[in-house]
Amino acid sequence: MPTSRHFDAPVCRNCGAPLATRFCGECGQEKASRLGKRAVGSEAWQSWRWFEWGVVRAAWRLTTQPGVVAREYVLGVRRRHMHPLKLLLLAIGAMLLVLAQANYFDSANADVSPAMELIRAWSNWAFSLTILALLAGSWLAFARRGGFNVVEHLVLAVYCHVLVIGASILSKLPLLVWRAPGFLAAHKAASAWFMDAVGALVLGVACTQFFRLDPRRDAGRLALAAIAFLGAKWVLLRAYAWAVAKSVLAPWA
């Protein structure tokens, strides 16, 4: 029964552990109080405030200091930062929403065969290969720098990829307004070069911060990371296109 005695007892109502402080030492939940109009409003405000300011602060810090965020997360500062995979899923969800709203998946050619249409649909997921290219760039250039293992390099790559996806989303916002087929085709042609440059720039900034580099002294290594990233992305995209074409066209062969 939800009485005052029930909520005043020094017991966590989430997991049942004894409470010695305001927060449970087992599950971390704050000591519960009985729900009322004021409590509901307070909880709603706390949730809204976390979403508004927590996410905004995390996004801004990641935008300006991707390497610092990745380094802190790898070194154990986990509660202060959003999990990289959670951020990645949010970014991919936003990306797919913008692509769908911009009719980015649609074909202007009504005579395209089902097989080619399927290949085109699969090719729209190729942007996810960028994370592997970012990993290749940091690993090939800085594998012996700082003693970080490949999983820790992957954390850096995921945070970088979130920024690359964010830049891609921003570049596609005009497509929500200007839907002319000619503009869409030109945008697709230009975006590949633009996103390659963005990816190389993000990787360079993040590596400088993550490995605490001197941009002048370590310019050669940073250039190697950028070249490795672009080369790995080129190879991965072509391997992916070949694999998709073979698997999709096999039933029509």
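1. The surface carries a nonpolar patch formed by Leu170, Leu173, Leu176, Val177 and Trp178, with about 530 Å² of accessible area together. This comes from a predicted model, and the remarks below should be read with that in mind.

2. Two members of the patch can be placed more exactly. Leu173 sits in the loop between helix H7 (150-172) and helix H8 (181-210), and its relative accessible area of 36% makes it partly exposed. Val177 is also found in the loop between H7 and H8. With a relative accessible area of 73%, Val177 is exposed. The C-alpha of Val177 lies 8.2 Å from that of Ala102, although 75 residues separate the two along the chain.

3. On the overall fold: the chain has 9 helices and 0 strands. The order along the sequence is accordingly α-α-α-α-α-α-α-α-α. Of the 253 residues in the chain, 35% are buried.

4. Helix H8 deserves a separate comment. H8 contains 30 residues and spans 42 Å from its first C-alpha to its last, close to the 44 Å expected at 1.5 Å a residue. There is nevertheless a bend in H8, of about 35 degrees, at Ser191.

5. What is the phi of Arg212, just after H8? The angle is positive, at about 55 degrees, and this in a residue other than glycine. Arg212 belongs to the loop between H8 and H9. Its side of the picture is an open one in terms of accessibility: Arg212 counts as exposed, at 61% relative accessibility.

6. How many salt bridges does the structure hold? The count is 6. Side chains of opposite charge can pair when their charged atoms come close. Three of the pairs are taken up in the points that follow.

7. Arg61 and Glu72 form a salt bridge in which the closest N and O atoms are 2.9 Å apart. Arg61 is in helix H2 (residues 37-64) and Glu72 is in helix H3 (residues 66-74), so this pair ties together parts that are 11 residues apart in sequence. The partners fall into separate accessibility classes: Arg61 is partly exposed at 24% relative accessibility, whereas Glu72 is buried, with a relative accessible area of 18%. Because the cut-off for buried is under 20% relative accessible area, Glu72 at 18% falls on the buried side, and Arg61 at 24% does not. The pair is also part of a wider arrangement, since a network of salt bridges links Arg61, Glu72 and Arg80.

8. Asp196 is bridged to Lys233, with 2.7 Å between the closest N and O atoms. This pair links distant parts of the chain, as Asp196 lies in helix H8 and Lys233 in helix H9 (residues 219-249), 37 residues apart. Asp196 is partly exposed, its relative accessible area being 23%. Lys233 is buried, at 11% relative accessibility.

9. Arg217 and Asp218 also meet in a salt bridge through their side chains, at 3.9 Å from N to O. A salt bridge is counted within 4 Å, so the 3.9 Å of this pair satisfies the rule. Is each partner buried or exposed? Arg217 is exposed, at 60% relative accessibility, while Asp218 is buried, at 8%.

10. Cysteines are the last topic. How many disulfides does the model contain? The count comes to 0 disulfides. Cys27 is in no disulfide, and the nearest cysteine sulfur, that of Cys12, is 3.6 Å away. A disulfide requires sulfur atoms within 2.5 Å, so the 3.6 Å between Cys27 and Cys12 does not qualify. Cys27 is partly exposed, at 35% relative accessibility.

11. Why is Cys160 without a bond to Cys207? The sulfur of Cys207 is the closest cysteine sulfur to that of Cys160, but at 6.4 Å it is too far for a bond. Cys160 is buried, with a relative accessible area of 0%.

Notes: Residues are numbered from 1 along each chain as its sequence is written. This is a predicted model: local features need pLDDT of at least 70, side-chain atom pairs count only at pLDDT 80 or more; totals for chains, interfaces and linings use all residues. Side-chain values use heavy atoms; hydrogens and water are left out. Patches are made of residues with over 30% relative accessible area and no salt bridge: like charges are joined within 9 Å, nonpolar side chains (Val, Leu, Ile, Met, Phe, Trp, Tyr) within 5 Å. Accessible areas come from the Shrake-Rupley method with a 1.4 Å probe; for residues, only the protein chains shown count as cover. Helices (H or I, at least four residues) and strands (E, at least two) are DSSP runs, numbered from the N terminus. Buried means under 20% relative accessible area, exposed over 50%, partly exposed in between (1.4 Å probe, protein chains only). The expected span of a helix is 1.5 Å times one less than its number of residues. The bend at a residue is the angle between axes fitted to the seven residues ending there and the seven starting there.
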